[in-house]
Structure formats: structure tokens, C-alpha cells
Amino acid sequence: MAVDQQLVTFRLGTEEFGIEIIKVQEIIRIPPITRVPQAPSYIDGVINLRGNVISVVNLRRRFGLPDDTQEENDVNRIVVLKENKHEFGIRVDAVQEVLQLQDMDLEAPPSVSVGIDASFIRGIGKVDDRLLIFLRQENILSTEEGVETV
Amino acid sequence: MSLDKDPGNMGMPDVEEFLEFYLLDSQEQIERLGASILDLERDSENIGLINELFRSAHSLKGASGTMGFTAIVEVTHAAEDLLDKVRQGKLTVTHEIIDVLLEVTDVVKDMLAQVEAQKPVRHDAEDLVKRICRLAKGVITETTDIQTMSEDPDPEPAPRVEFALDENAIMDLREVTLFGQAIYQLTVILDEQALMKTVRAVMVIQRLQDLGKVLAISPSIENMELMEEEEISNDRFYLLLATDEREEEILSEIYMVSDVIDIHVSIFDSSEISQLIGIEPLEQPLAEKLSTEMDSSKETARGVSHEASTETEAYSKFLRDNVQPPSGGDGGGGKSDQVHTIRVDTDRMDSLINMVGEMVITRARLVKIGDDLRGKFPMDALVNNLNETNIYLGRLMNDLQESAMRLRMVPVGTVFSRYPRLVRDFCRKTGKKIDLELHGEETEMDKTVIEQIGDPLTHLIRNCVDHGIEDPGTRLAAGKSEIGKIILKAYHEGNHIAIVISDDGDGLDLQKIMQKALTAGLIGENEDLSEREIANLIFLPGFSTADQITDISGRGVGMDVVKRALSGLGGTVDIRTKAGEGTVFTIKLPLTLAIIQALLVGVCGEIYAVPLSSVQETLRVQNEDVRTVGGIKMAKLRGNTLPLLSLKSQFGLPEDDEKETVFVVVVGVMDRLIGLMVDELKGQQEIVLKTLGDDLGSLPGISGATILGDGKVTLILDVGTLMQDVLTY
């Protein structure tokens with residue numbers, strides 16, 4: 001693992017998540033989202049990102065977390081990720097900070113469920129007294145069976 | 001036979017770059033060759049054409065040799081030999097020769113495809129090469145007074161001459177060998193009585209400079225002067241000339257110099273070249289040397305790999321210095337209709353077009369802001385100024401967009417060119433006589449359309465030759481010319497391109513079509529159809545009138561495939577036929593796929609775009625006129641029932657049956673129409689097509705997206721799949 005690997009951390013409800021910074025293209029305010037009929041339920045819709053149409057994933061639905069904790073305010077953001085030359089956005093409640101990976105204790109995903117499918121989790125990190133879920137972003141848009149749709 | 005170097009092994013990036021040039025150029029060359037061969041069949045006496053063919057084969061061979069694809073070299077060499085015989089009048093053009101030459105183009109095309117696929121070139125062409133040689137041996141009269149410049153097995157051996165080559169000459173020699181230029185050894189014999197023989201020699205060299213490169217002369221000019229001074233009798237001198245010109249050109253040029261009484265021309269022995277420059281031009285090709293690095297079985301390889309890098313440099317220098325790729329060395333006498341072109345990666349082009357599309361959208365936003373400002377400050381000069389500038393910008397944008405779109409335009413002739421061959425082969429196989437006329441080959445269409453139009457067109461033309469045109473006997477009996485005629489033509493028509501395929505054959509058997517359609521249950525017993533409607537039945541799925549399956553029009557696949565392919569491109573096809581007089585297929589295709597006209601519709605506050613090409617009309621229907629039959633809503637449209645599809649239920653939106661009237665957008669083709677129920681019509685607009693991204697895959701009813709003036713994404717309806725949903729009930 002590279003020495004100076006960094007994470008962007010964000011919040012969904014009370015949970016804190018981290019994602020590799022090199023996969024993050026940009027972080028934008030929520031633009032108008034166009035609903036796509038008959039799309040998978042975890043896709044909120046599509047947005048216009050400087051002329052490209054990209055999908056926005058609702059992480060709560062994707063991770064099977066309760067919908068009712070959804071916050072609607074002006075710290076909501078879309079984090080645009082790039083995986084395999086393919087861009088997509090994830091909707092988050094708020095973006096927190098940038099962390100050095102070596103600053104935290106990374107542990108393998110727990111065998112006991114934390115309420116999120118283990119295939120989305122790379123590890124659990126400990127920063128000070130907080131727990132942070134380090135995401136495996138390449139699986140966010142792949143299908144249930146773990147087969148890449150990209 | 002030979003197993004060539006696997007191009008995938010070529011480690012050096014430079015070589016890959018050459019490979020790309022080589023492939024592009026050779027593929028063009030082979031296409032041109034194919035077309036010229038067909039021309040030659042019609043015009044077998046045309047010496048210019050034969051020369052052109054010879055040159056094409058020659059440069060193809062040279063380039064392939066340089067890259068190390070010996071399998072291609074073998075085949076093209078044989079073809080070149082054969083053409084040379086024809087060129088010299090030793091052979092006359094027969095159908096057999098044409099057949100074999102066409103086969104060569106097929107084989108080479110296959111080989112090039114293998115090269116492109118990074119597979120080793122494995123092609124069993126030995127049999128073909130043998131057949132060509134046999135044909136080439138069938139020479140009418142063996143003439144020996146002029147030495148041939150081809151690599152005949154039995155040319156009169158050229159006198160072995162020692163050329164003193166300086167370093168520059170060796171470099172030159174190496175370069176021309178690499179580019180596959182022919183090197184001739186010329187023996188110029190002067191009148192023994194002539195004075196100032198050295199001056200004659202210089203004059204000869206000067207003249208030859210226009211044709212190619214004089215690599216060496218023996219004896220040297222200095223020595224000749226010396227000999228003249230000392231009055232040593234010498235009536236001849238020898239030259240090495242690298243050129244793409246024909247032997248006749250060389251001869252006539254030299255004969256312009258007075259006192260020249262005889263000239264012998266022969267191909268310079270390649271083994272000598274290898275001795276002189278340290279490489280073997282064909283047997284030990286560049287590509288192989290570059291990749292073999294140190295082949296343990298070849299002790300010479302160590303010395304050679306250094307050479308190779310200088311060659312690579314020379315080669316890239318050549319590429320830099322010449323706009324035309326290397327084997328296009330048929331320059332001078334080449335075609336006059338060559339256009340100045342550059343090759344650009346399609347990705348780069350597409351990103352440019354994308355950006356232009358963005359600018360169009362952004363300008364629409366500017367216009368909206370301008371309008372809003374005008375509403376706020378009606379008399380403000382600054383606002384007026386902004387709006388005027390917007391209008392000017394709009395004009396510029398239109399031009400820019402058009403220019404960008406033109407970059408993707410390719411003449412339709414690139415597709416048309418394959419059909420003469422198709423028709424010819426068919427005629428040879430069946431004994432039918434058919435003349436294929438092409439018109440409007442220069443008509444330009446979007447590259448994507450061009451790429452996908454080939455198969456449907458092939459299908460239609462096969463249908464014409466197979467079912468349309470009758471055999472000569474039947475034609476004569478019907479009082480028609482023995483030779484059938486198929487016309488393939490393309491032209492602009494408004495915002496569309498029309499492609500028309502017409503034949504003067506027997507026309508469609510409408511009676512039979514009706515029968516078929518009835519048995520297949522495609523039409524009802526008492527339906528009253530016009531001739532045109534009956535003819536168009538053949539485009540329905542599950543329809544095929546061919547009683548016999550031939551390998552010409554294929555088996556099973558019907559005209560519905562053609563129709564589907566064309567609809568996929570946003571096009572339509574129509575058919576008209578007259579018994580005994582022929583059939584006309586008219587295809588209409590959009591100019592471009594990137595921008596389309598669309599009708600925007602509103603459903604529960606959401607906006608969708610319907611491609612205008614599939615919209616027939618819009619209606620306003622009273623809710624009470626909508627009936628439900630077997631679970632499907634129906635409305636009356638001029639006496640016919642029109643199945644309706646509610647976009648709300650389709651897209652999971654709340655239904656409200658309270659409305660008194662609904663808007664219905666009638667979409668579809670001919671007698672297969674459905675109505676889309678929407679809340680409002682928002683008008684017509686040009687939209688730029690965008691893909692929805694792979695993660696959404698193919699969603700039923702949605703074909704893509706676009707971005708409207710306000711920056712919001714709007715989905716484009718896929719009328720085809722929506723119709724299937726309704727009509728399969």
C-alpha cells in the first residue's frame with residue numbers, strides 16, 4: 001500500500017465512511033436529479049456533470065440502511081468517483097475531511113455484520129476514538145452477484 | 001505455409017506506430033486494388049489501369065516486406081508478377097486472371113485483418129500462389145529483347161558490376177530498400193564515336209534525378225574523365241537507380257540524351273544490396289529484427305540489431321518528412337483526385353464534437369438568461385447588447401456545430417464500392433447478367449451510419465440480384481435487354497440522406513406476398529391493402545417469400561432484419577414495385593446520429609423527449625373515447641383502433657383518470673402505430689444525444705439522455721421497445 005495514501009471521509013446519518021482520494025474526481029452540490037424509470041432502486045437518477053450524464057447512487061439504499069435518516073440540507077453533496085474510466089456519483093449527507101491512511105488503525109472487515117454487506121467494506125479504521133468504514137468503491141455499482149456491470 | 005512474426009511481440013513502440021501506418025495504408029491500397037481490378041475487367045485494354053494495379057501491388061509488397069509479413073509479400077509478389085506480364089502485353093486479361101487477382105485481394109485483406117488482430121499471419125495461400133504462377137506462365141509470346149524489370153525466374157543476368165558506394169550512398173540504399181522501392185541496375189551504352197562521354201553520363205544522371213534517386217555510378221565520373229583524357233575506349237557505364245517509375249519512363253528519359261544507343265535495365269540483385277548495406281531486405285525483415293533481439297540461432301543478430309535502430313530512425317524521419325505514409329510511394333503518376341487529408345483518432349474527434357454540443361447547450365442557457373433579463377429591464381441598453389451578442393454567438397455556434405459534424409462525415413462511396421464485386425461474383429456463379437450502376441458516391445453521411453449501413457444494403461442488393469433480376473433467357477422472352485440493371489444511388493434530401501436501390505427485374509409477386517401474409521397470420525382475411533402496403537409487408541418479422549434458400553440471399557433472415565437495422569439508425573425503408581418492371585427500395589437516414597429533432601412531452605412534471613423521426617402525429621383525445629379492450633387502452637384513429645400506452649403507468653408515476661382530455665403522441669411506422677398518453681406537449685427541439693452510462697444498462701423504454709437548455713438531464717424514449725410492450729399482447 002502506498003505510503004501517502006489518503007482518504008476522503010464523509011457521513012451518512014451517524015456512520016462515517018472513507019474512500020480512496022485518488023478515486024474521487026470532485027465533490028459537488030446536489031444539482032437537479034432526473035429520475036430514471038425502471039432503474040435499480042439504489043440509483044436516485046442521473047445528473048448533468050459538465051455535459052456528461054452520470055448516475056447518482058443512493059448509498060443508504062445500496063447499503064440497505066434505513067431511508068428515514070435521510071437529511072436534506074445544504075451540506076449534502078455528491079462525491080463523483082471514477083472507477084475503470086467510468087464516472088458515477090454517490091450522494092452523501094456531508095463531506096468531513098481528508099485523512100492519511102497511516103494515521104489510523106485499519107482492521108479487516110468484521111465477521112459480524114455491521115448492517116452493511118461485507119463486499120462493500122475494505123476495512124474498519126480507527127481514528128482517535130471514532131470508527132470509520134473504509135469502502136470498496138469498485139463494488140458500489142456492480143450487481144448483487146458481484147459481477148461488474150461496467 | 002509461412003508463419004510470420006507475431007506483431008504483438010514487437011516491443012518497440014515505434015514499430016507499433018509504423019504498424020498502424022502500414023495497416024491503414026495497406027488497407028486503403030487493397031481497397032483501391034479491388035476496385036481497379038473490377039474496372040479492368042470492363043476495360044481490359046486500359047494500360048493506365050494496369051500500370052496503376054501493378055504499382056499498387058508493388059508498393060503493397062514493399063511495405064509488407066519492410067514490416068516483415070512474408071506471407072503477404074509472397075502473395076502480392078505473385079500478383080505483381082502476373083500484372084507485369086499483362087503490362088508488357090505478354091498476357092491478355094481473362095476472367096481467370098481477374099478471378100485470381102480478386103482472390104489475392106481477399107487473401108491479403110484476411111492477412112491484414114490478422115495483423116491488425118495482433119495474430120500471427122497464417123494463411124495457406126500456397127495454392128493461390130501456384131495458380132498465379134501457372135497463369136503467369138501462360139505467356140503468349142516470349143520476348144527477350146527487352147529485359148524485364150520484374151523478378152522473373154529467368155531474366156537475362158545483369159552484368160555484375162562493382163559499385164563503389166560511399167557512406168551516403170549506403171544510407172540512401174538502406175533507406176530505399178526499407179521503403180520497398182525498386183532498385184534498378186541500368187547499363188547505358190553510348191555511341192563509341194561520341195565525344196564527351198562523361199558529359200553524356202552527367203546528363204543521364206540529371207534526367208534520372210527527376211524519376212528517382214541515382215544511388216551509384218560505375219565507373220565514377222572522375223574515372224570516366226580520366227579515361228577520356230587517356231583515350232581509353234569505353235562505351236558504357238552502369239547506374240543504380242531507385243525509383244517507383246515504370247521501365248518505359250526510365251528508358252524514354254535516358255533516350256532523350258543524345259548518343260545513347262542502347263540501355264539495359266534489370267532489377268538490382270537483392271543479395272548484393274544486402275552485401276552492400278548489411279541487411280537482407282525481405283528475408284530478414286525489420287519487424288523481425290527489432291523483436292528478435294538476440295535470437296540465439298542467428299549469430300549475426302548481434303550485429304544486426306544495431307542496424308535496426310538506425311533503420312527505425314531513418315524510417316521515422318521519413319514518416320516525419322512525408323505527409324503520405326511510406327508505401328503511398330506511387331506519388332508522381334498517382335491519382336489526381338487525391339484529397340489532402342489527415343488521419344485523426346475518432347476519440348479525439350468525438351470529444352471535440354462533444355464539447356461543441358456542450359457549447360450549444362450553454363448558449364441556450366445564455367439566451368434564457370438574456371430573455372429573463374429583458375423581462376426585468378426591458379429598456380436596458382446593456383441587456384439589448386447582450387441579446388444581440390447572443391444572436392451573433394448563435395450563428396457562430398451553428399457554423400461551428402456544422403463544421404464539427406462534417407468531421408464525422410464520410411462519403412457513402414466507401415460502402416458502395418463493395419457491391420460491384422458482390423454483383424460480379426453473383427453473376428459469375430449464376431450466369432445472370434447484371435449491370436450495377438452507382439450514383440452519388442460522394443454523398444456524405446455520419447461515420448457511424450456508414451459503418452452500420454453496409455449489411456442492410458448488402459441484404460437488399462442480394463435480394464435484387466437473387467429474386468429481382470431474371471435470368472437472361474426470361475428477360476429476352478419478356479422483351480427486355482438481356483442485361484439486368486441495378487441502380488444504387490445516394491443523395492441529400494432535406495435533413496435526410498436517401499439511398500435508393502432499384503432494379504429492372506420482375507417486381508415482387510404481390511399475390512404471393514398476400515398469401516404468405518395470410519398464412520402467417522400477419523394480415524386479416526378481408527383487409528384491403530394498397531399495392532404499396534402489400535409490398536411493405538415483407539418487412540414484417542417472420543416473413544420470407546423465398547421458396548428456395550440460396551446462398552445469395554441467405555437463409556431464414558428476412559427483410560425484417562434490414563428494417564430493424566435501419567430503424568436502429570433512425571432511418572426508414574419503403575418499397576415500391578411494379579409487376580414486370582422492377583422494384584425500388586427507398587431508404588431514408590438521418591444526416592447525423594449525434595443531434596436529432598425531438599418532441600418534448602411532459603408527464604407528471606417530468607419531461608421526456610420523443611425522437612421526431614418516429615412521431616407520426618399528435619392528437620387530443622377525450623377521456624371518454626378511450627376504451628379498454630383486453631386490458632389495453634384503445635382509441636379510434638380515423639376508423640382504426642390505436643393501442644394506447646400510458647407513460648405514467650409505464651414509468652411508475654401516479655395515474656389520474658380525472659382529466660377530461662389527454663394528449664396522445666402517435667408513434668411508429670405504417671400500420672404499426674401506438675399512441676403514447678402524456679400530460680402536455682412542450683414543443684419541438686434539437687437535442688444532443690448522450691448515453692445513459694453503462695451502469696444503467698439498457699432500460700426498457702429509454703434509449704438515452706440529453707441535456708436541455710436549463711442544464712437538466714432529460715431522458716429520450718425508445719419508441720421501439722415501448723411499441724413491443726404494447727403490440728406483443
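Visitor: Why is B:Leu195 called exposed?

Guide: This is a predicted model, and in it B:Leu195 has a relative accessible area of 65%. The cut-off for exposed is over 50%, so B:Leu195 earns the label. As for its place, B:Leu195 is in the loop between strand 1 (182–190) and helix 7 (197–209) of chain B.

Visitor: What makes B:Leu195 part of a nonpolar patch on the surface?

Guide: Patch members need over 30% relative accessible area, and B:Leu195 has 65%, so B:Leu195 passes that step. B:Leu195 forms the patch with B:Met196, B:Val199 and B:Met203, and together they have about 370 Å² of accessible area.

Visitor: Now the other end of the scale. How do you know that B:Thr706 is buried?

Guide: Buried means under 20% relative accessible area, and B:Thr706 comes out at 0%, so buried is the word. You'll find B:Thr706 in strand 21 (residues 702–707) of chain B. Leaving aside residues up to four places away in sequence, B:Thr706 touches B:Ile687, B:Val688, B:Lys690, B:Lys712, B:Val713, B:Thr714 and B:Ile716.

Visitor: Which residues touch the most other members of the largest nonpolar core?

Guide: That core has 59 residues, and the ones touching the most other members are A:Phe10, A:Ile19, A:Leu59, A:Ile90, B:Leu676, B:Leu692 and B:Leu717. Helix 23 (residues 719–727) of chain B gives the most to this core, namely four residues. Another core, of 47 residues, lies apart from it, with B:Ile450, B:Val562, B:Ile587 and B:Leu591 among them. In soluble globular proteins, nonpolar side chains tend to be buried together.

Visitor: What does B:Leu717 touch?

Guide: Not counting residues up to four places away in sequence, its contacts include B:Tyr608, B:Val610, B:Leu647, B:Phe651, B:Leu676, B:Ile702 and B:Leu722.

Visitor: Over to charges. Why do B:Arg428 and B:Asp99 count as a salt bridge?

Guide: The N to O distance is 2.2 Å and the rule asks for within 4 Å, so the pair qualifies. The two partners come from distant parts of the chain: B:Arg428 is in helix 16 (residues 419–430) of chain B and B:Asp99 in helix 4 (residues 95–116) of chain B, 329 residues apart. By this rule there are 32 salt bridges over all chains.

Visitor: Why is B:Arg428 called partly exposed?

Guide: Its relative accessible area is 44%, which falls between the 20% and 50% cut-offs, so partly exposed fits. B:Asp99, at 25%, is partly exposed as well.

Visitor: What makes B:Arg131 and B:Asp127 a salt bridge?

Guide: Their closest N and O atoms are 3.5 Å apart, and that is within 4 Å, so the pair counts. Both sit in helix 5 (residues 126–137) of chain B, and because they are four residues apart, about one helical turn separates them.

Visitor: How do you know that B:Arg532 and B:Asp574 tie together separate parts of the sequence?

Guide: B:Arg532 lies in helix 20 (residues 531–536) of chain B and B:Asp574 in strand 10 (residues 572–578) of chain B, so the pair joins parts 42 residues apart in sequence. The closest N and O atoms of this salt bridge are 2.4 Å apart.

Visitor: Is B:Asp574 buried or exposed?

Guide: B:Asp574 has a relative accessible area of 15%, and that is under 20%, so B:Asp574 is buried. Its partner B:Arg532 is partly exposed at 42%.

Note on methods:
Residues are numbered from 1 along each chain as its sequence is written. Chains are lettered from A and ligands numbered from 1 in the order in which they are written. This is a predicted model: local features need pLDDT of at least 70, side-chain atom pairs count only at pLDDT 80 or more; totals for chains, interfaces and linings use all residues. Side-chain values use heavy atoms; hydrogens and water are left out. Helices (H or I, at least four residues) and strands (E, at least two) are DSSP runs, numbered from the N terminus. Buried means under 20% relative accessible area, exposed over 50%, partly exposed in between (1.4 Å probe, protein chains only). Contact means heavy atoms within 4.5 Å. A nonpolar core is a set of buried Ala, Val, Leu, Ile, Met, Phe, Trp, Tyr and Cys residues joined through side-chain atoms within 4.5 Å. A salt bridge is a side-chain nitrogen of Lys or Arg within 4 Å of a carboxyl oxygen of Asp or Glu. Patches are made of residues with over 30% relative accessible area and no salt bridge: like charges are joined within 9 Å, nonpolar side chains (Val, Leu, Ile, Met, Phe, Trp, Tyr) within 5 Å. Accessible areas come from the Shrake-Rupley method with a 1.4 Å probe; for residues, only the protein chains shown count as cover.
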